[in-house]
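Reader: Before we discuss the terms, please show me the sequence and the model. I will then ask what stands behind each label.

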Amino acid sequence: MASNDNAGTVSFGKRLSLGLKMIFSGEFAAQAMAALQARESRPRTLAPEQVHASSLLLLNALQREGRLLDFLQQDVAGFSDEQVGAAARVVHTGCRKILQQYFEFEPAAKEAEGAQVDLPKGFDPQRWRLTGNVAGQPPFRGTLRHHGWVARQVRMPALAQTMDPRIIAPAEVELG
Amino acid sequence: MSQFAIGIDLGTTNSALSFYDLTAPAARAWQESILSIPQLSAPGTVEERQLLPSFLYLPSGAEFADGALALPWNKKAGSIIGEFARSHGAKVPTRLVSSAKSWLSHSGADPTSALLPWQAPAEVERLSPVEVSARYLHHLAEAWDDKFARTKATAERGIANQEIILTVPASFDAAARDLTLQAATKAGLNHVTLLEEPQAALYAWLEAAGDTFRKQVKAGDVILVVDVGGGTTDLSLIAVTELAGEVELNRVAVGDHILLGGDNMDLALAHTLNQQLIAEGKKLDSWQFVSLTYGCRNAKELLFSDPKLKKAPISVPSRGSSLVGGTIKTDLTREELTRVLTDGFLPRVGISELPQTSRRTGLTQLALPYAQDPAITRHLAAFLSRQGRAMASAHDAPVDLKGKAFVHPTAILFNGGVFKAAALKERIIEVLDDWLKSDGGAPVKELAGADLDLAVARGAAYYGWVRHGHGVRIRGGTARSYYVGIESPMPAVPGFEPPIKALCVAPFGMEEGTEADVPPQEFALVTGEPTRFRFFASSLRRDDRVGQMLEDAVHHEELEELAPIETSLPAESAGAGKLVPVNLQAALTEVGTLELRCLQKAGAGHWKLELNVRMKGDE
């Protein structure tokens, strides 16, 4: 999947040809303008929790299965490593389960960390981050320090329209 | 003709659906055959899973916001089935229905009466085990229709038009099978055939093995299927024979109904660790106990998958938001795992050992009759020994028993998620090989490659394809002989029940779609007033013919009593309390249920007893 030769060249080429079309097709340009205006006007009518409903839903799932919010909202300075470790196992098991259900991840780079990699001219700068002595023009040659992550598949559920996504976890009241 | 054969595994703790396109030119692709089942994972969140946990939660009106329980096919769903039912039910156990399937085979309770949730507060609407099973099936049916028959153009593909193969434990008696069918009918499934789960598991193995199966099993082989589900242990023996050069498979024996499964194992581990936590002064509430049980399952799988690990950590989260500091930590050690699980459930026992039964107190609360001896190996020893004795005395034993103390399996097929732990398979094989060796037999070989969680559903769908003339079919017929209790005439003695004789109405090995007439005798049917029928079955008496009478049915060693029927049969014409002379006829339907018919001797009267609590009077 992740190849370090011409991954970026293709998409760059695509962007060029699309730009050309807009200049030559008045009708397409009008459509694009209308779409852009529609997009600009929409965020004003949607509340932030609606725009980011899926992020809140993800938090909801991570809290439900892995108690992530409980863990991160707590001040852990006064606890022993043993206690933090015990809680971390809950977070790890539960959050991992959710990540496996909702996503499929793979490294952005196939090479092992520490290996030498070559970045050709036109590499995808979103997929490859340059560090260290960055100078000159590609192709580059360097050492892979971190293999990165890419979500190969996303299969998150949607929250029902009637629900308020801001409720990450309900308060629990036990009746006697 | 139906386009699909649909296999449904209606499990005690998980259900699944697999399908086979009967019109496709080639055999199906293995990975495409499981339906993803939409279900609630949290309020307002529907997710798809391959398994539907067989849990039903009955919420109170105030519990959830409007629309929070909506399903793609039902915006106004009022109850919860599946993952969220299970997880939320752990916090509200009184409104949760679990193990409904086990109640279907409960002879002490009426599975058509509203019993569940068993310990619900009075205001909760209770449902019968049959109704609960119907709701699980209905959920699966809706999931199917939502995916395949949502539009008018695809309505033809709706589940009502498809061939359904619904699996039941081999140990289900005629009444429990009939109740399962009743649930399917309630759920809107029309063309239903029942299939025993161990057979379905073997069909799944046959499908996966393809043509190579002839190399792996040969005439003379006896395959033992050990199916340990969440709540039940189901044993079957399938003999491989040859007729005119063609391999045949015959299901020759099934085990008793054992309410003992993988859930018991996780619970046993959780109770062991809970004892230690209590000793340390840490008390878990019921929700934390459930999470300890899940923790034990994970730790168990970790220890079984890595033999070098000495222990696996378990963290039980706090109930409140203070996770750090409130989390209770413990470990499952390998020593505990082996002692509680491997040695507890699969001890090394001799072939002659019998399951231990403790004496019941005079007054027991009506609840599920869980197996009293958790040792699966002991149940297995009893099964092989008893079947060996029964077959040795039968006139045409399907298996060669010359000089053998018990039935010798030559191959073994495991089914059920429990067996993801190779150590448990190895223990059973080790114990079995010891028995075989001491009796002059050869070691058993494992039929590998089964898909432990989904094999039953897959195999059931594959059986639908086999029924259309492909591949090898497993023959069987009834794995029990059936009897009806006849009261013998005797003078009334206070405090003394008249002895009951058992009249054989259906022989062992009766095939689907056949009838058996009981030779004419002087029987009278009580009509027009409340009356009671008693039924018995035997998995050991292979030679009884229809019409044979056994004395003292209630205390007979080889008979087990089934749920009695209490009813009032409609009187034909004359006054109530009439005794109508009848002939008896038994029929095993194509579907796989047993019917007992009472035909009036001098008239058109015709009563049908469907070996469950329901009864019909047809004219």
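**Labels and their cut-offs**

Author: Helix H4 of chain B is followed by Gly188(B), whose phi is positive, near 90°. Helices (DSSP runs of H or I, at least four residues) and strands (DSSP runs of E, at least two) are numbered from the N terminus. The model is predicted: local features need pLDDT of at least 70 and side-chain atom pairs pLDDT 80 or more, while totals for chains, interfaces and linings use all residues. Residues are numbered from 1 along each chain as its sequence is written, and chains are lettered from A and ligands numbered from 1 in the order in which they are written.

Reader: How do you know that the span of H4(B) agrees with its 13 residues?

Author: The expected span is 1.5 Å times one less than the number of residues. For residues 174-186 that gives 18 Å, and the end C-alpha atoms are 19 Å apart, which agrees.

Reader: What makes H4(B) largely enclosed by the rest of the structure?

Author: A residue is buried if 20 or more other C-beta atoms, placed from the backbone, lie within 10 Å of its own (12 or fewer is exposed, in between is partly exposed). In H4(B), 11 of the 13 residues are buried, so the label follows. Among them are Arg177(B), Asp178(B), Leu179(B) and Gln182(B). The cover includes helix H3 (129-148), strand E9 (163-168) and strand E29 (594-600) of chain B. In chain A, 15% of the 176 residues count as buried.

Reader: Why are H7(B) and H8(B) called roughly perpendicular?

Author: The axes of H7(B) (residues 262-279) and H8(B) (residues 286-305) come within 8 Å and cross at roughly 110°. Such axes are lines fitted to C-alpha atoms over the stretch in contact, with angles from 0 to 180 degrees between N-to-C directions. Under 35 degrees is roughly parallel, over 145 roughly antiparallel, 65 to 115 roughly perpendicular and the rest oblique. The pair is therefore roughly perpendicular.

Reader: Which residues of H7(B) meet H8(B)?

Author: They include Leu267(B), Ala270(B) and Leu273(B), which are set against residues such as Phe289(B), Leu292(B) and Cys296(B). Contact requires C-beta atoms, placed from the backbone, within 7 Å. By class there are seven nonpolar, two polar and three charged residues. Here Ala, Val, Leu, Ile, Met, Phe, Trp, Tyr, Cys and Pro are nonpolar, Asp, Glu, Lys and Arg charged, and the others, Gly among them, polar.

Reader: What makes H4(A) oblique to H6(A)?

Author: H4(A) (residues 53-66) and H6(A) (residues 81-102) pack at about 135°, with axes 7 Å apart. That value falls outside the other three ranges, which makes the pair oblique. In H4(A), Ala61(A) and Leu62(A) are among the residues that meet H6(A), where Val90(A) and Ile98(A) are included. That contact has six nonpolar, three polar and two charged residues.

Reader: Why do H5(B) and H13(B) count as roughly perpendicular?

Author: H5(B) (residues 197-209) and H13(B) (residues 455-466) cross at roughly 75°, their axes coming within 7 Å. The pair is therefore roughly perpendicular. The contact involves, among others, Tyr203(B) of H5(B) and Tyr462(B) of H13(B). Its residues divide into 11 nonpolar, one polar and three charged.

Reader: How many residues of chain B touch chain A?

Author: 22 residues of chain B are in contact with 20 of chain A. Strand E4 (45-49), strand E14 (311-316) and helix H9 (323-326) of chain B each give two or more residues to that side.

Technical notes
Contact = placed C-beta atoms within 7 Å.
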